[in-house]
Amino acid sequence: MGSDASAVLLEGVTKKFGAQKAVNSVDLQIPHGSIQGIIGPNGSGKTTTIRMLLRIFKPDAGVVHVLGRTSGDAADDRVGYLPEERGLYLRMKVRDVLRFFAQLKGNSRPDKAIDRWLERLGATDWSHKKLEQLSKGMAQKIQFIAAVVSQPELVILDEPFSGLDPVNLDLLRQAVLDLRKEGTTVLLSTHDMDVAERMCDRIFMIYKGNKVLDGTMEEIQSQYGEPVLRVRLAGNIVPDVSRLPDIESWVDCSPYTELRMKSLGARSSILRALMEQGDVEHFETARPRLHDIFVRIAKPSPEPTSNEQGADRS
Amino acid sequence: MSKIWVIARREFMAMVGTRAFLATLLIMPVMLFGSLIIMPTLNKISGGRERIIRVVDGTGRVGPQLVTMAEERNKLLKESQSESSQKDAKESAREMTGMTTDPYRLELQESKSLDDTARLGWSDEIRTGSLYAFVEIPESLFDPASTDTVRFVSQDAVLSEARQWMQAIVDSIVRQERFKVLGLESEKVQLANRPVSFAPTSPYERTNAGEGGEASVKAKEEGFDLATFFAPFGMMMLMFMVIFLAAQPMLESAMEEKSQRISEVLLGSVSPTQLLTGKLIGNVAASLLVFALYAAGAYAFLVQRNMQHLVPMSLVPWFLVFQILGVLFFSSIFIMIGASVRDLKEAQSLLLPVWLFMMLPMMVWFIAVRDPLGPVAMALAMFPPSAPMMNVLRLGTGVTIPIWQPILGAILLAVATAMVIWVAGRIYKMSMLRSDSVKTLGQLLARIMSVSTQGYTK
């Protein structure tokens, strides 16, 4: 797929700070009108990648295509950005701050769009309040409006749902899904694996500057789709994994224990061995969740006494 | 370009559209000039208490005159405080009565001397407040060879205005009496003692010929006038206030943009150059508004006192040049510091040297006013951090400063400002996106030196 067919295209992008490689030869392609999740532990290179998309950083190697352009001193006016929390002048009034950010994106008459978004997110009554008077959730909604009010073609959202109550969470989630419907491309950076799994068309994971996951959820699950058993014994008894056959590794996901098998054929013998240890309350062959895949990739190297080592020994 | 104006407009409104701005605008002159305005008012408020002074007159002739003079003084005081009294009458009354508005009630004692018991008793009365002071005038005072001393006893004897008032009168009476004792004619002695007039005069200049008239050569005679002396000081302080009011919000603005991660959104929309340019334009515009408000206020104040001639209008263009450069210079430094720290506490240690440089002209203003062509004034006029204030101070003295000097001062300041803006732009971008902070001047300099190696876009 060429850069014209993609909203974002990274080709062999590397960014160094001194001797440290923050991003190492990363490729990424985000189709127009899709929601792309970007996940990774803190300090893995997500923010650096986003800043390269915003033209705040210039890559040391590779090319960054954003909406068909490869260079610039600042992000295209067609790109909206919501940073993680904050990002607003607290002493300004809601309408003034929204007008300011819209005008920075070249929208000289943004009042109608501001009114529309304020109404859509139930914030009309707050338009003349100062940001410092708003609750965290309300401020988050205003920040979201600031990112989308100038109708960008690409929106980069960094943890847009943090601090929201369930009602506002659903409201904002729906707003993001509606953006996709309207043809806007969304890059969603989040630590909430559930959000990423449910909302994103594609997921990209970066770890220690390297791309480690890239694809649809199905593709990722099939890539990391080793058979996993999710089990639970009555009375919260933790199974003695060393006495279970054909187990490659295991993870304590209390109240469950997740067992990675050497092969699917081992299920019956494992069930029998579990029944010898206690009353089996839950026994399920599961697809790996994004959370588990993330943990499997990003978990620090285990100490000799850790679960993985124990399982390996068995 | 339009994005620069969007940023400039926000910066301008953020500075001037707040109650804090209005409050600072009012508080600053009060802080700097307040004592000059408030002191007379406070004097008036705290004055009006009758001061009882007992007089023990050994000569028998000084005391009655003192009593008469005190009564005259009290009368004048009363008249000058009435609403209907003329301005000139008020002025002359002040000359006669001094700064305080306390009436004096002199109690002339019958005895010609005091013993220690009386002295102790009256001293106790002074301590309890029922008596303000007592005075002992020795009998031998009219004797020209006398070395006896008049004693004025009060709790505030050293600073007492009543003592100074009384000393002047007693001195005059005693001199007259001594002239008589010595057989001298007091009028002749006064004539002989008349001080020599020694007029401070500015250099001669040729005046333009009027209609049908001829050009002439004239020189302006100048008296030592406090207003003339303080006019350059006022201009220097105006420059300080304008720069301070403009630069300080830049520090807060940069700190807010860093801590609230606003800079990331801004830098995602505009280039660092556009952002800094917009911020500085808004800042300079706000400083020009501050200047306009203060200048208008000061002019109105002077017009009310018929002192508008003290305003050197020819200085306004110079003032504006140094103001714009000074605001850009200091605002850039404040932005740089604001972007490099996490809170105000960290900023304070970095600001200290900046403040010292900024206040340097205030520390030496007296020397500079007395000798505006001297080496101290000239050096500080060329030194960029002190140039804005020192140049307007020197030009405000009315002394002819060689034109190349303020021009060179402005050029040096412009070059330094360009360098500071360039460094500030790089530091701003680099520091705004970092979570760590700079705690010492050394660390800030190290960051400035390392800017080019950090791999940022520009």
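In this predicted model, chain B is built from 17 helices and six strands. Of its 458 residues, 34% count as buried. Long-range contacts dominate the tally: among chain B contacts with a separation of 6 or more, 75% link residues that sit 24 or more positions apart.

Two helix pairs in chain B share helix H10 (residues 272–304), and the first of them brings in helix H1 (residues 2–16). Two packed helices are described by the angle between their axes and the distance between the axes. For H1(B) against H10(B), the angle is about 40° and the axes are 7 Å apart. The two helices are therefore oblique to each other, and H1(B) passes H10(B) in a right-handed crossing. On the H1(B) side the contact uses B:Lys3, B:Ile4, B:Ile7, B:Ala8, B:Arg9, B:Arg10, B:Glu11, B:Phe12, B:Met15 and B:Val16. Facing them from H10(B) are B:Gln274, B:Leu275, B:Thr277, B:Gly278, B:Lys279, B:Ile281, B:Gly282, B:Asn283, B:Ala285, B:Ala286 and B:Leu289. Sorted by class, the residues of this contact come out as eleven nonpolar, five polar and five charged.

The other pair sets H10(B) against helix H11 (residues 316–340) of chain B, at an angle of about 130° and with the axes 10 Å apart. That angle makes H10(B) oblique to H11(B). Here too the crossing is right-handed. H10(B) contributes B:Lys279, B:Leu280, B:Asn283, B:Val284, B:Ser287 and B:Phe291, while H11(B) offers B:Gln323, B:Ile324, B:Val327, B:Leu328, B:Ser331 and B:Ile335. The class count for this contact is seven nonpolar, four polar and one charged. B:Lys279 and B:Asn283 turn up in the contact with H11(B), and both are also listed in the contact with H1(B).

Turning to where the chains meet, the contact takes 23 residues from chain A and 19 residues from chain B. On the chain A side, strand E1 (6–17) and helix H2 (94–104) are the elements that give two or more residues. H2(A) supplies the largest share, four residues. The chain A side divides into 14 nonpolar, two polar and seven charged residues.

H2(A) deserves a closer look. Nine of its eleven residues are buried, so the helix is largely enclosed by the rest of the structure. The buried set is A:Val94, A:Val97, A:Leu98, A:Arg99, A:Phe100, A:Phe101, A:Ala102, A:Gln103 and A:Leu104; A:Arg99 and A:Gln103 are on that list alongside residues such as A:Phe100 and A:Phe101. The cover over these residues draws on both chains: it includes helix H3 (111–120) and helix H4 (136–148) of chain A, together with H1 and helix H9 (262–267) of chain B. Thus H1(B) helps to cover H2(A) and also packs with H10(B). Just after H2(A), A:Gly106 takes a positive phi of about 85°.

Next come the nonpolar cores. In soluble globular proteins, nonpolar side chains tend to be buried together. The largest nonpolar core here has 152 residues, and the members touching the most others are A:Val8, B:Met239 and B:Val392. Helix H8 (residues 226–259) of chain B gives the largest share of this core, 18 residues. A second, separate core holds 22 residues, including B:Met69, B:Tyr132, B:Val135 and B:Leu141. Back in the largest core, B:Val392 has a well-defined set of partners: leaving aside neighbours within four places in sequence, it is in contact with B:Met235, B:Met236, B:Met239, B:Leu315, B:Trp318, B:Phe319 and B:Phe322.

Chain A also has a few backbone oddities. Most residues other than glycine have a negative phi, and most peptide bonds are trans. A cis peptide bond, with omega about 10°, joins A:Ser254 and A:Pro255. A:Pro255 is in the loop between strand E11 (247–253) and strand E12 (256–261) of chain A. A:Ser25 is not a glycine, yet it has a positive phi of about 45°. This serine lies in strand E2 (residues 20–31) of chain A and is partly exposed, with 15 other C-beta atoms within 10 Å. A:Asn236, again not a glycine, has a positive phi of about 55°. A:Asn236 is found in the loop between strand E10 (228–233) and E11 of chain A, and with 9 other C-beta atoms within 10 Å it counts as exposed.

Technical notes
Residues are numbered from 1 along each chain as its sequence is written. Chains are lettered from A and ligands numbered from 1 in the order in which they are written. This is a predicted model: local features need pLDDT of at least 70, side-chain atom pairs count only at pLDDT 80 or more; totals for chains, interfaces and linings use all residues. Axes are lines fitted to C-alpha atoms, for helices over the stretch in contact, and angles run from 0 to 180 degrees between N-to-C directions. Angles under 35 degrees count as roughly parallel, over 145 as roughly antiparallel, 65 to 115 as roughly perpendicular and the rest as oblique. A crossing is left-handed if the near helix is turned anticlockwise from the far one by less than a right angle, and right-handed if clockwise. Two residues are in contact if their C-beta atoms, placed from the backbone, lie within 7 Å. Ala, Val, Leu, Ile, Met, Phe, Trp, Tyr, Cys and Pro count as nonpolar, Asp, Glu, Lys and Arg as charged, and the others, Gly among them, as polar. A residue is buried if 20 or more other C-beta atoms lie within 10 Å of its own, exposed if 12 or fewer, and partly exposed in between; C-beta atoms are placed from the backbone. A nonpolar core is a set of buried Ala, Val, Leu, Ile, Met, Phe, Trp, Tyr and Cys residues joined through C-beta atoms within 7 Å.
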